[in-house]
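Let's take a friendly walk through a protein model, one group of strands at a time. Keep the picture in view as you read.

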Amino acid sequence: MAAFLQWRRFVFFDKETVKDVVVNGKNVVLPIGIFACDSGRSHIIIGDILSNKLHMDVTHLYPLKQHSILVSVGQDEQGVNPLAKVWNLDKRDSGNPLCTRIFPAIPGNKPPEVSCLTVHENLNFMAIGFTDGNMVLTKGDITRVRHSKTLTLHEGAYSITGLAFRQQGKVTHLFVDTLEKVHVVKEYPKLELDTHGCALHCSALTDPYQDSQFIVAGDECVYLYQPDERGSCFAFDGHKLLAYWHRGYLLLLTMNIKSPNKSEFGSRVMSPSEKQTLTIYDLNNKIIAYSASFDKIIEVLVEWGSFYILTRDKNMFVLQEKDTQTKLEVRPNSKSEVQFDVEIAIKVLRQASYHSHTVFLSCTVMLCLVSVLSLHPVSLCWSLLGYLFSPSFPQLCLVSS
């Protein structure tokens, strides 16, 4: 775990306040009471308490990336089952997007609360998760009533916190994350991948060139999953509030407090004094590309190749990635370059039977000490032997000449 504390830190993103080009370049002011928001196809879509175009109470939005289709979930009447609506953004009806389909989010009379929503880009699969552990899977053309059927799956007593479709050739997998477990659905019965779940908004899917792995961000570690097994694990501490993946970067929003009970489903509730830390990781190159503190972030969206940060004080910030030339000019300071524990490295190499590497590293360290500290030759020999053969790795007894 200590290795992850020594990741190189850079500032590869520039933070700016989003301006409204229509209103004389003033700062964008977000609406009051944002319930749901998302982005896609050069749009940032926000649902708030004053918006009644889609539902009376919008809870979830899902714009597709490859189609001008928006799926929304909400309630048109209080105490009634939530409705799912499919909108065609290219067509208009009295100035509003054309609604092509309306159907209940779940059969039955008891109105459960929707927790998460995902739609496959081929428009043939849609999954809706609920806080009571139920999940509804719609198969067929989701834009048409006659060409689809709905299956109700029961996932257990824990709330569904994350859903993601993964396409591998002609095979479609559905990752299902709860507060306690991670499953994958290809055919029944479902396969349980792990007993480590995560809170709401803390799961994501990597890009296809990263093998479309399912990311689950727990408070102690971040896990990556394949359809048949758990993959890599990264020890990123902190109470996770949000996880997002975009173009090789993993964005984590954390709060450095004692982890709450997993039964507390609303994990993003915070006191006014608590700070949130937004960190962007490059997992392949072991780099922290950006890290900063924010107050009361509502959501982080990705559009036009940048991260957009929405806060409760009605501000919107954008994190724009620097160009390659500027990145090459960035250099870490001298303190961040010297974070290498020699004793631990030699111990790991020796336990792994890399004896030649152990000797080379030990000799290199000793030569550096001789050149810098002018060590006595006898002390140098004893120190080298201590590094190579001592099981306890005692401290160097160096005597300056």
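Two strands pair if DSSP finds at least two bridges between them. With that in hand, we can look at this model, which is predicted. One good example of pairing is strand E2 (residues 13-17) with strand E29 (residues 316-321): they are antiparallel and share five bridges. Within that pair, Asp-14 has Gln-320 in E29 as its bridge partner.

## The whole protein

How many helices and strands does the protein have? The secondary structure comes to five helices and 29 strands. The protein has 401 residues, and 47% of them count as buried. Its exposed surface is about 21400 Å², with carbon and sulfur atoms supplying 54% of that area. Among contacts with a separation of 6 or more, 45% are made by residues 24 or more positions apart.

## A sheet of four strands

Back to E2 and E29. They belong to an open sheet of four strands in the order E2-E29-E28-E27, and the pairing is antiparallel. E2 and strand E27 (297-303) stand at the edges with a single partner strand each, so one side of each has no neighbour in the sheet. On average, neighbouring strands of this sheet are turned by 20° against each other, with direction ignored.

Next to E29 in that order is strand E28 (residues 306-311), and these two strands pair in the antiparallel sense over four bridges. Here Leu-310 has Met-316 in E29 as its bridge partner, while Ile-309 stands opposite Phe-317 in E29. E28 and E29 also form a hairpin with four residues between the strands, where Lys-314 takes a positive phi near 75°.

Where do side chains point along such strands? In a regular strand they alternate between the two faces of the sheet.

## A sheet of five strands

Another open sheet has five strands, in the order E1-E26-E25-E24-E23, with mixed pairing. Its edges are strand E1 (8-9) and strand E23 (239-246); each has a single partner strand, so one side of each is left without a neighbour in the sheet. E1 runs parallel to strand E26 (residues 287-294), and two bridges join them. In this pair, the bridge partner of Arg-8 is Ile-287 in E26.

## Two hairpins that share a strand

Now find strand E12 (residues 125-130). Is E12 largely enclosed or left open by the rest of the structure? Five of its six residues are buried, so E12 is largely enclosed.

E12 takes part in two hairpins. Strand E11 (residues 114-119) is antiparallel to E12, with five bridges joining them, and Val-114 has Phe-130 in E12 as its bridge partner. Strand E13 (residues 134-140) also pairs with E12 in the antiparallel sense, again over five bridges. There, Phe-125 has Lys-139 in E13 as its bridge partner.

The table sets out the turns of these two hairpins beside the one described earlier.

| Hairpin | Residues between the strands | Residue with positive phi | Phi |
|---|---|---|---|
| E11 and E12 | five residues | Leu-123 | about 65° |
| E12 and E13 | three residues | Gly-133 | about 95° |
| E28 and E29 | four residues | Lys-314 | near 75° |

## A buried leucine

Leu-61 lies in strand E7 (residues 57-63). Is Leu-61 buried or exposed? Its relative accessibility is 7%, and because buried means under 20%, Leu-61 counts as buried. Leu-61 and Val-73 are twelve residues apart in sequence, and their C-alpha atoms are 6.6 Å apart in space.

## The cysteines

A disulfide is a covalent bond between the sulfur atoms of two cysteines. How many disulfides does a search of the whole structure find? The result is zero.

Cys-233 shows the reasoning. The closest cysteine sulfur to its own is in Cys-221, at 3.8 Å, and because a disulfide needs the two sulfur atoms within 2.5 Å, this pair is too far apart for a bond. Cys-233 has 35% relative accessibility and counts as partly exposed, whereas Cys-37, at 10%, counts as buried.

Key:
Residues numbered from 1 in each chain as written. Predicted model: local features only at pLDDT ≥ 70, side-chain atom pairs only at ≥ 80, totals over all residues. Heavy atoms only, no water. Buried < 20%, exposed > 50% of the residue type's maximum accessible area, 1.4 Å probe, protein only. Contact = heavy atoms within 4.5 Å. Areas by Shrake-Rupley, 256 points an atom, 1.4 Å probe, with all protein chains shown as cover. Axes fitted to C-alpha atoms, helices over the stretch in contact; angles between N-to-C directions.
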